[in-house]
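Please describe the structure shown below, with attention to its metal site and to the way its helices are packed.

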Amino acid sequence: MRRIFLLGALAVAVAVAIGVLARPSASSSTPEPSVPIASTGHLPRGHAPVGAADGVVPDGVTVLDDVPAVANLDEHLLESLRDAAAEAAGDGVVLEVNSGWRSPAYQARLLREAVGTYGSAQEAARWVATPTTSAHVSGDAVDLGASGAAWLAEHGAAYGVCRVYDNEPWHFERRPAAVDDGCPPTYADPTDDPRMQQ
Ligand SMILES: [Zn+2]
């Protein structure tokens with residue numbers, strides 16, 4: 001309760017700060033807060049733009065690159081992906097990354113967009129997790145390009161990396177037991193995943 005109060009107080013303080021900072025440009029009739037506020041990284045970002053530091057992935061990134069979306073993945077997952085990438089390269093396949101680690105702000109933006117795309121929060125939940133439940137925010141999931149995903153679906157178990165959802169053939173997480181036991185059964189979609197029921 002006390003924490004909620006403090007967060008509320010913080011939100012008010014930030015709103016006041018944004019109001020004060022935005023005032024000099026108020027005459028320009030721009031409704032959005034100025035960009036420098038988002039770039040500080042210290043204030044809640046609200047609907048501010050997100051960038052590479054939040055895990056937005058530039059084109060052509062692979063599991064071997066060091067952009068935040070890749071570098072902030074769980075170290076064991078990343079090590080497994082890089083080991084797999086070496087074998088994939090021998091097959092002429094690149095493990096291209098479409099999404100990896102995401103900041104809570106980036107995940108929140110994706111969820112807002114999904115609600116718009118799918119028309120309801122219930123349908124959006126089949127595709128995009130919340131900032132508190134997402135395995136991307138915790139650094140435990142990676143979404144690969146089509147050829148890399150197809151390759152890893154076939155060879156990933158040997159590296160302890162598995163598909164998780166039937167409706168997301170691009171989404172992989174670390175499942176160490178798969179090295180001995182093979183990958184566990186997939187869920188139809190994230191709403192079947194007990195981890196998403198929070
Ligand atoms: Zn994913």
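## Metal site and two helices

Asp-143 is buried, with a relative accessible area of 8%, where buried stands for under 20% relative accessible area, exposed for over 50% and partly exposed for values in between, with a 1.4 Å probe and protein chains only. The model is a predicted one, in which local features need pLDDT of at least 70 and side-chain atom pairs count only at pLDDT 80 or more, while totals for chains, interfaces and linings use all residues. Residues are numbered from 1 along each chain as its sequence is written, and side-chain values use heavy atoms, with hydrogens and water left out.

Asp-143 supplies OD to the zinc ion, whose other protein donors are His-136 through NE2 and His-171 through ND1, at distances of 2.0 to 2.1 Å. Donors here are N, O and S atoms within 2.8 Å of the metal (3.2 Å for Na, K and Ca), and sites may look incomplete because water is not among the atoms. The spacing of the donor residues in sequence is H-x6-D-x27-H, and His-136 is buried as well, with a relative accessible area of 4%.

Two helices can be set side by side; helices (H or I, at least four residues) and strands (E, at least two) are DSSP runs numbered from the N terminus, and the expected span is 1.5 Å times one less than the number of residues.

| Helix | Residues | Expected span | C-alpha end to end |
|---|---|---|---|
| Helix 4 | 75–90 (16 residues) | 22 Å | 23 Å |
| Helix 5 | 104–118 (15 residues) | 21 Å | 21 Å |

In helix 4 the buried residues are Leu-77, Leu-78, Ser-80, Leu-81, Ala-84, Ala-85 and Ala-88. They lie on the same side of helix 4, because they cover an arc of only 160 degrees around the axis, the arc being that of the directions from the helix axis to the C-beta atoms. Glu-75, Ala-86 and Gly-90 are exposed on the other side. The cover over the buried residues of helix 4 includes strand 2 (141–144), helix 7 (146–155) and strand 4 (171–174), with contact taken as heavy atoms within 4.5 Å. At the start of helix 4, a side-chain oxygen of Asp-74 comes within 3.1 Å of the backbone nitrogen of His-76, and just after helix 4, Gly-92 has a positive phi of about 75 degrees.

In helix 5, Tyr-106, Gln-107, Leu-110, Leu-111 and Ala-114 are buried. These buried residues fall within an arc of 140 degrees seen down the axis, so they line one face of helix 5. Their cover includes helix 6 (121–124), and Gly-119, just after helix 5, takes a positive phi of about 90 degrees.

Key. Polar contact = N/O pair within 3.5 Å; in protein donor to acceptor, adjacent residues only side chain to side chain.
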